[in-house]
Amino acid sequence: MLDSVLGGPDLPQERKLVTAIPGPRSIALAGRRHAAVPAGLTSSAGVYAAAAGGGVIVDVDGNSFIDLGSGIAVTTVGNAARQVVARTSAQLNQFTHTCFLATPYEPYIEVAERLNGIAPGDHEKRTALFNTGSEALENAVKYARVATNRPAVVVFDHAFHGRSLLTMSMTAKNLPYKHGFGPFAPEVYRAPMAYPYRWPSGPENCAAEAFSQFAQLVDSQIGSDAVACVVVEPIQGEGGFIVPAEGFLTKVADFCRDRGIVFVADEVQTGIARTGAWFACEHEGIVPDLIATAKGLAGGLPLAAVTGRADIMDAAHPGGIGGTYSGNPVACAAALGVFDEIENGQLLTRAQAIGEILTRELKDIAASTDIIGEIRGRGAMIAAELVFPGTRTPHRDAVAELARYCHNNGVLTLTAGTFGNVLRFLPPLTIADNLLIEALGVLRDGFASL
Ligand SMILES: *Cc1c(COP(=O)(O)O)cnc(C)c1O
């Protein structure tokens with residue numbers, strides 16, 4: 001199955017279709033999959049991957065697609081990036097697992113030191129490692145509860161925090177994430193998100209009104225002395241790349257500080273260079289008490305982290321936190337490779353440049369269609385929200401149609417949004433300008449074909 005194609009940065013950077021999409025080998029794999037893998041697991045693409053690198057994914061039939069999704073914001077430094085491959089290969093040849101809870105090792109400590117060094121704030125910090133974003137958020141809540149001795153967790157409309165029982169309960173959207181999977185975890189409360197485009201009284205009132213509704217929920221309904229933490233994505237990912245109205249997050253963070261509530265930033269999607277800064281919080285000068293990271297952290301190997309104030313992180317009793325695989329040494333080696341790639345490749349600046357190209361090209365497309373309601377995001381995390389002309393009514397079908405058009409023409413995109421009406425763009429930061437522009441040209445043709 002195309003074993004001869006090696007992924008990584010040397011993979012030819014081109015969009016090239018050599019079979020019908022999906023091709024015969026992908027169709028054969030889909031048949032085996034239906035017999036072996038349950039139906040509740042779905043994939044946005046109909047093609048199966050054989051190799052990936054730079055800004056492309058090559059499928060098992062030899063078709064080369066432009067990658068605008070990075071495996072859902074994971075391969076920020078590119079697929080099979082040089083330093084990730086070098087560091088993980090070296091680690092694989094030394095040992096693959098001893099368990100940090102049994103016989104600890106240096107790469108774990110080094111990842112913790114690196115994250116403590118880049119996380120916002122001058123306070124003393126600690127980092128604990130986990131395997132997935134959900135697991136990091138579960139543990140952030142555990143730290144907040146044990147440190148405050150309070151039960152409640154406050155989250156927001158449009159939030160996505162994961163699929164485990166607690167994080168599914170914290171997630172806003174019913175279908176597909178929650179439907180039929182209840183009962184949900186208790187003590188999870190939801191406040192409105194400051195979503196400027198859809199704020200009833202207009203974007204100019206959004207930050208102040210959303211904050212006052214949040215404050216009222218905490219003070220009057222839950223009681224602030226019952227709230228362990230507020231968990232918020234500084235830019236909501238699955239919810240549709242919603243950038244909270246300016247000032248909202250700062251007000252929430254200040255409010256939490258006044259009341260001894262732990263402010264948790266879920267930077268699982270936004271963190272590690274995606275938005276043009278190490279953390280999206282930095283764009284508004286916010287210093288969270290705890291930060292959860294995962295997706296971009298280890299170049300595709302499963303690794304997640306909670307980084308935060310030493311007094312909160314040290315509050316858990318010895319043995320209270322951990323996991324058999326948490327902070328696996330190969331995944332830690334990958335994360336160290338990711339830090340090298342970002343620093344040596346100046347990828348923070350690259351993320352900003354990609355954001356400028358995406359925004360410029362999408363604005364240009366918006367000039368020739370009347371269904372783009374808003375273009376928003378930061379850095380290499382930009383989305384277009386589609387609506388019916390002259391309204392704010394979500395246009396879900398157009399998004400599905402455009403994603404299909406792009407897929408069939410060699411461009412892999414992702415969708416998002418509580419209403420399923422958002423096209424989101426999360427290219428690897430190693431994509432070349434010309435490839436990115438070519439992909440957006442395909443999207444433009446897709447709009448023209450609607
Ligand atoms: C993906 C995601 C999660 C869950 O991460 P998993 O690794 O899938 O468990 C949590 N929060 C945000 C913001 C995410 O984007």
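Is R259 buried, partly exposed or exposed? R259 turns out to be partly exposed, with a relative accessible area of 26%. Keep in mind as you look around that this is a predicted model. Let's start with what R259 holds on to, then move to the helices and a few single residues.

## Salt bridges

The side chain of R259 pairs up with that of D219 in a salt bridge, 3.0 Å from N to O. R259 sits in helix α8 (residues 248-259) and D219 in helix α7 (residues 206-222), so this pair ties together parts that are 40 residues apart in sequence. D219 is partly exposed as well, at 35% relative accessibility.

R82 and D10 make another salt bridge, and here the closest N and O atoms are 3.4 Å apart. R82 belongs to helix α3 (residues 82-92), while D10 comes from the segment before α1 (24-36), so the link ties together parts that are 72 residues apart in sequence. D10 itself is exposed, with a relative accessible area of 63%.

Now try R376 and E385. Their side chains meet in a salt bridge of 2.8 Å, N to O. Are these two buried or exposed? R376 is buried, and E385 is too. Elsewhere, R87, R114, D340 and E343 are joined into one network by salt bridges that share partners. A search of the whole structure turns up 20 salt bridges.

## Helices around α13

Helix α13 (residues 433-449) is a handy landmark for your tour. Two packed helices are described by the angle between their axes and the distance between the axes. Here is how α13 pairs with two other helices.

| Helix pair | Axes come within | Crossing angle | Handedness |
|---|---|---|---|
| α11 (residues 347-366) and α13 | 10 Å | roughly 25° | right-handed |
| α12 (residues 396-408) and α13 | 9 Å | roughly 130° | right-handed |

Take α11 and α13: their axes cross at roughly 25°. Angles under 35 degrees count as roughly parallel, so α11 is roughly parallel to α13. On the α11 side, the residues that meet α13 include I354, I357, L358 and L362, along with charged ones such as R350 and E361. On the α13 side you'll find D433, L436, I437, L440, L443, R444 and F447. By class, the residues of this contact divide into 10 nonpolar, no polar and 6 charged.

With α12 things look like this: its axis and that of α13 cross at roughly 130°, and the two helices are therefore oblique to each other. Which residues of α12 meet α13? They are L402, Y405 and C406, and their partners in α13 are V442, L443, D445, G446, F447 and S449. This contact has 6 nonpolar, 2 polar and 1 charged residues. L443 and F447 are worth a second look, since they appear in the contact with α11 and in the contact with α12.

## A few residues to visit

First stop: T76, in the loop between α2 (70-73) and α3. T76 is buried, with a relative accessible area of 1%. Setting aside residues up to four places away in sequence, T76 touches I272, R274, G296, P428, L429 and T430.

H395 is also in a loop, the one between β12 (381-386) and α12. H395 counts as buried, with a relative accessible area of 15%. Apart from neighbours within four places in sequence, H395 is in contact with I371, L386, V387, F388 and N421.

Next comes V146, which is found in helix α5 (residues 133-148). V146 is partly exposed, at 36% relative accessibility. What does V146 touch, not counting residues up to four places away in sequence? A315 and A316. V146 and F100 are 46 residues apart in sequence and 22 Å apart in space, from C-alpha to C-alpha.

Last on the list is L348, which takes you back to helix α11. L348 is partly exposed, with a relative accessible area of 23%. Leaving aside neighbours within four places in sequence, L348 is in contact with A273, G276, A277, W278 and I342. The C-alpha atoms of L348 and I375 are separated by 21 Å, and the two residues are 27 residues apart along the chain.

Terms used:
Residues are numbered from 1 along each chain as its sequence is written. This is a predicted model: local features need pLDDT of at least 70, side-chain atom pairs count only at pLDDT 80 or more; totals for chains, interfaces and linings use all residues. Side-chain values use heavy atoms; hydrogens and water are left out. Axes are lines fitted to C-alpha atoms, for helices over the stretch in contact, and angles run from 0 to 180 degrees between N-to-C directions. Helices (H or I, at least four residues) and strands (E, at least two) are DSSP runs, numbered from the N terminus. Angles under 35 degrees count as roughly parallel, over 145 as roughly antiparallel, 65 to 115 as roughly perpendicular and the rest as oblique. A crossing is left-handed if the near helix is turned anticlockwise from the far one by less than a right angle, and right-handed if clockwise. Contact means heavy atoms within 4.5 Å. A salt bridge is a side-chain nitrogen of Lys or Arg within 4 Å of a carboxyl oxygen of Asp or Glu. Buried means under 20% relative accessible area, exposed over 50%, partly exposed in between (1.4 Å probe, protein chains only).
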